[in-house]
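Open your viewer, keep a selection box handy, and follow along. We will go from one stop to the next, and each one begins with something to select.

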Amino acid sequence: MSRAGGDAAAAAAALERAGVETVRRAVELDLASRFQESLMCYQEGIDLLLQVVKATKDEVKKQHYRQKISEYMTRAEDIKKHIEKEKQDGKYHKQIKIDENATGFSYEKLFQEYLNEIVTEVWVEDPYIRHVHQLYNFLRFCEMLVKGPCKVKTIHLLTSYDEGSGKIQQISSLEEIKQSLKNHGVTLNVSFSSSIHDREIRFNSGWMIKIGRGLDYFKKPQIWGLCNICACEQLNLQ
């Protein structure tokens, strides 16, 4: 086997492992009645397994995964209907727990259901938009808003100053993000408070989201200093 062929086989095997692990996690969450998290993992796992089916030449494996994908899609649709019914009944309260080293919890996955065309203004309160990786995560969040179906025009950030020599870098990076957003027709208003403790995100559509660790639940990235919208499109921090 050529080196190129070996690399392709290794990549396919890694993709298959990721897909299998993600749907396994979806089933665990499903059995634990953690339906919203389970749905996200089902969707992520289905996407991965569809890539496996497309890449493999093994007909037996193709048929196996097609059958499993069909089963997972049916279950995902059932969960969607259950969640929608709870919303209509006024019982909907979603709590998502992100375990250590978990995948499938990108900002797009977590926030997509709230980002419709009604959303034009967003408030972010997080005392820890200070260090480089935290600023980078905020950048990713802003990029999601710019690229999403919503028509965001204004983002308000309330955070706290870095306690030490990083304050200058913090202010400089936030100014870079502000200018980059301005180039996309979005205004970023930044305020600082020494008494802020809670972390939450609010949309002008009425949704309010409480996040225990705020936007800072990704592992630290290996690439630093990117403060322009769309600069991080190809980077995976999970």
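The tour below visits aromatic rings, then a charge over a ring, then one helix.

**Stop 1: a tilted tyrosine pair**

Keep in mind as you look around that this is a predicted model. With rings counted as paired when their centres lie within 6.5 Å, there are four aromatic pairs here. Select Tyr42 and Tyr72: the ring centres are 5.9 Å apart and the planes meet at 35°, so this pair counts as tilted. Now colour the helices that carry these residues. Tyr42 belongs to helix α2 (residues 35-55) and Tyr72 to helix α3 (residues 59-88), so the pair ties together parts that are 30 residues apart in sequence. Switch on a surface if you like; Tyr42 and Tyr72 are both buried.

**Stop 2: phenylalanines from distant parts of the chain**

Next, select Phe111 and Phe203. Their arrangement is edge-to-face, with 6.5 Å from centre to centre and 75° between the planes. This pair, too, links distant parts of the chain: Phe111 sits in helix α4 (residues 107-111) and Phe203 in strand β4 (residues 200-203), 92 residues apart. Are these two buried or exposed? Phe111 has a relative accessible area of 2% and Phe203 one of 3%; since buried means under 20%, Phe111 is buried, and Phe203 is buried too. Add Phe141 to the selection, and you have a cluster of Phe111, Phe141 and Phe203 linked by ring pairs.

**Stop 3: a charge over a ring**

Move on to Tyr161 and Lys167. The charged end of Lys167 sits over the Tyr161 ring, 4.3 Å from the ring centre.

**Stop 4: the two sides of helix α6**

Lys167 also brings you to helix α6, which covers residues 167-183. Try a distance between its end C-alpha atoms: they are 25 Å apart, which agrees with the 24 Å that 17 residues should span at 1.5 Å a residue.

Now look down the axis and select Gln170, Ser173, Leu174, Ile177, Ser180 and Leu181, which are buried residues of α6. They cover an arc of only 120° around the axis, which puts them on the same side of α6. Which residues are exposed on the other side of α6? Select Ile168, Lys182 and Asn183 to see them.

To see what covers the buried residues of α6, show α5 (132-147), β2 (154-159) and β3 (187-192), which are among the covering elements.

Finish at Gly185, which follows α6 and has a positive phi, near 80°.

Methods: Residues are numbered from 1 along each chain as its sequence is written. This is a predicted model: local features need pLDDT of at least 70, side-chain atom pairs count only at pLDDT 80 or more; totals for chains, interfaces and linings use all residues. Side-chain values use heavy atoms; hydrogens and water are left out. Rings of Phe, Tyr and Trp (its six-membered ring) pair if their centres lie within 6.5 Å; planes under 30 degrees apart count as stacked, over 60 as edge-to-face and the rest as tilted. Helices (H or I, at least four residues) and strands (E, at least two) are DSSP runs, numbered from the N terminus. Buried means under 20% relative accessible area, exposed over 50%, partly exposed in between (1.4 Å probe, protein chains only). A charge sits over a ring if NZ of Lys or CZ of Arg is within 6 Å of the ring centre and within 35 degrees of the ring normal. The expected span of a helix is 1.5 Å times one less than its number of residues. The arc is that of the directions from the helix axis to the C-beta atoms. Contact means heavy atoms within 4.5 Å.
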